[in-house]
Amino acid sequence: MTPRIPRTELPTEMAEMLSARFGSVPEPVEVVFHNPAVATSNLEFSAKAAAWDTVDQSLKTFAHMAVAAQVGCSWCLDVNYFAALDQNLDLDKASQVPDWRASTAFTPLERQVLEYSEAMTNTPPTVTDELSASLLDQLGPAGLVELTVFIGLANLSTRVNTAHGITSQGYSEACRIPLAERPRTVGTGVA
């Protein structure tokens with residue numbers, strides 16, 4: 001699919017830095033750069049969020065993937081498979097995130113993080129007091145705040161990319177993980 005807003009050329013230094021990091025310039029940056037202030041702020045905040053370290057990186061990567069699977073952002077799934085490889089995460093486990101409920105690969109904490117990610121992504125959100133209390137006990141207040149804001153950021157990026165018509169860019173091919181699809185609910189057509 002072609003993005004709904006055409007890509008624009010980035011400053012040379014930025015394009016080279018992103019290409020060195022990802023192998024090519026990420027389409028979301030090329031689209032959002034029509035408004036350089038928005039693009040720069042988004043990149044800066046994303047970089048700061050990536051440096052947060054109260055919650056294990058694997059939990060946050062799986063959380064972002066769960067949001068992406070629920071919203072239907074193939075670009076976010078694609079780039080997070082690439083991130084899983086870069087972070088030395090369990091790639092078999094990463095490939096199962098879109099169908100985590102049927103998988104036995106995840107720990108109880110990982111399952112709760114995936115459930116929390118989906119509950120935050122639902123409209124309206126369906127986070128329960130019980131789920132929140134359990135994660136608070138396991139992650140502590142600072143950890144639950146970090147996870148919650150990180151999932152909110154994942155919702156921002158997945159929804160913006162989906163609205164802009166941005167789809168998979170092939171990053172997952174570097175780690176040989178096929179893009180998994182979320183199982184469809186029988187008879188409803190809803191993913």
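Start with H4 and H7, which sit oblique to each other in this predicted model, because their packing angle of about 40 degrees falls outside the ranges for roughly parallel, antiparallel or perpendicular. Helix H4 covers residues 57-71 and helix H7 covers residues 108-121, and their axes are 9 Å apart. As for handedness, H4 passes H7 in a right-handed crossing. On the H4 side, the contact is made by Leu59, Phe62, Ala63, Ala66, Val67, Gln70 and Val71. H7 answers with Leu109, Glu110, Val113, Leu114, Ser117, Glu118 and Thr121. Sort that contact by class and you get nine nonpolar, three polar and two charged residues.

One of those H7 residues deserves a second look. Is Ser117 buried or exposed? Ser117 is a residue of helix H7, and its relative accessible area is 0%, so it counts as buried. Which residues does Ser117 touch, once its neighbours within four places in sequence are set aside? They are Ala63, Ala66, Val67, Gln70 and Ile151. Ala63, Ala66, Val67 and Gln70 are also on the H4 side of the contact with H7, while Ile151 turns up on the H8 side of the contact between H7 and H8.

That brings us to the H7 and H8 pair. The axes of H7 and H8 come within 9 Å and cross at roughly 50 degrees. That angle makes H7 oblique to H8, and H7 passes H8 in a right-handed crossing. From H7, the contact draws on Leu109, Gln112, Val113, Glu115, Tyr116, Ser117, Met120 and Thr121. From H8, it takes in Leu131, Ser134, Leu135, Gln138, Leu139, Leu144, Leu147, Thr148, Ile151, Gly152, Asn155 and Arg159. The class split here is ten nonpolar, eight polar and two charged.

Between these two helices there's a backbone detail to check. Where is Pro124? Its place is in the loop between H7 and helix H8, the latter spanning 129-163. The peptide bond joining Thr123 and Pro124 is cis, with omega at about -5 degrees.

Further along, H8 holds two more residues to click on. Glu146 lies in helix H8, and with 7% relative accessibility it counts as buried. Leaving out neighbours within four places in sequence, Glu146 is in contact with Trp52, Asp53, Thr54, Val55 and Lys60. Thr54 comes up again with Gly140, also found in helix H8. The C-alpha atoms of Gly140 and Thr54 are separated by 9.3 Å, although the two residues are 86 residues apart along the chain. Gly140 has 19% relative accessibility, and since the cut-off for buried is under 20%, Gly140 counts as buried.

Now back to H4 and its other partner, H5. How do H4 and H5 lie relative to each other, roughly parallel or roughly antiparallel? Their axes come within 8 Å and cross at roughly 160 degrees. Angles over 145 degrees count as roughly antiparallel, so that is the label for H4 and H5. H4 passes H5 in a left-handed crossing, whereas H4 passes H7 in a right-handed one. Thr61, His64, Met65, Ala68 and Ala69 in H4 meet Cys76, Leu77, Asn80 and Tyr81 in H5. In this contact the residues divide into six nonpolar, three polar and no charged.

Just past H5 is another backbone feature. Asn88 sits in the loop between helix H5 (74-86) and helix H6 (91-95). Its phi is near 60 degrees, a positive value in a residue other than glycine. Asn88 counts as exposed, because its relative accessibility is 70%.

Finally, zoom out to the whole chain. The secondary structure comes to eight helices and zero strands, so reading from the N terminus on, the elements run α-α-α-α-α-α-α-α. Of the 191 residues in the protein chain, 43% are buried. The chain exposes about 9,900 Å², and carbon and sulfur atoms supply 56% of that. Among contacts between residues at least 6 apart in sequence, 67% join residues at least 24 apart.

Note on methods. Residues are numbered from 1 along each chain as its sequence is written. This is a predicted model: local features need pLDDT of at least 70, side-chain atom pairs count only at pLDDT 80 or more; totals for chains, interfaces and linings use all residues. Side-chain values use heavy atoms; hydrogens and water are left out. Axes are lines fitted to C-alpha atoms, for helices over the stretch in contact, and angles run from 0 to 180 degrees between N-to-C directions. Helices (H or I, at least four residues) and strands (E, at least two) are DSSP runs, numbered from the N terminus. Angles under 35 degrees count as roughly parallel, over 145 as roughly antiparallel, 65 to 115 as roughly perpendicular and the rest as oblique. A crossing is left-handed if the near helix is turned anticlockwise from the far one by less than a right angle, and right-handed if clockwise. Contact means heavy atoms within 4.5 Å. Ala, Val, Leu, Ile, Met, Phe, Trp, Tyr, Cys and Pro count as nonpolar, Asp, Glu, Lys and Arg as charged, and the others, Gly among them, as polar. Buried means under 20% relative accessible area, exposed over 50%, partly exposed in between (1.4 Å probe, protein chains only). Accessible areas come from the Shrake-Rupley method with a 1.4 Å probe; for residues, only the protein chains shown count as cover.
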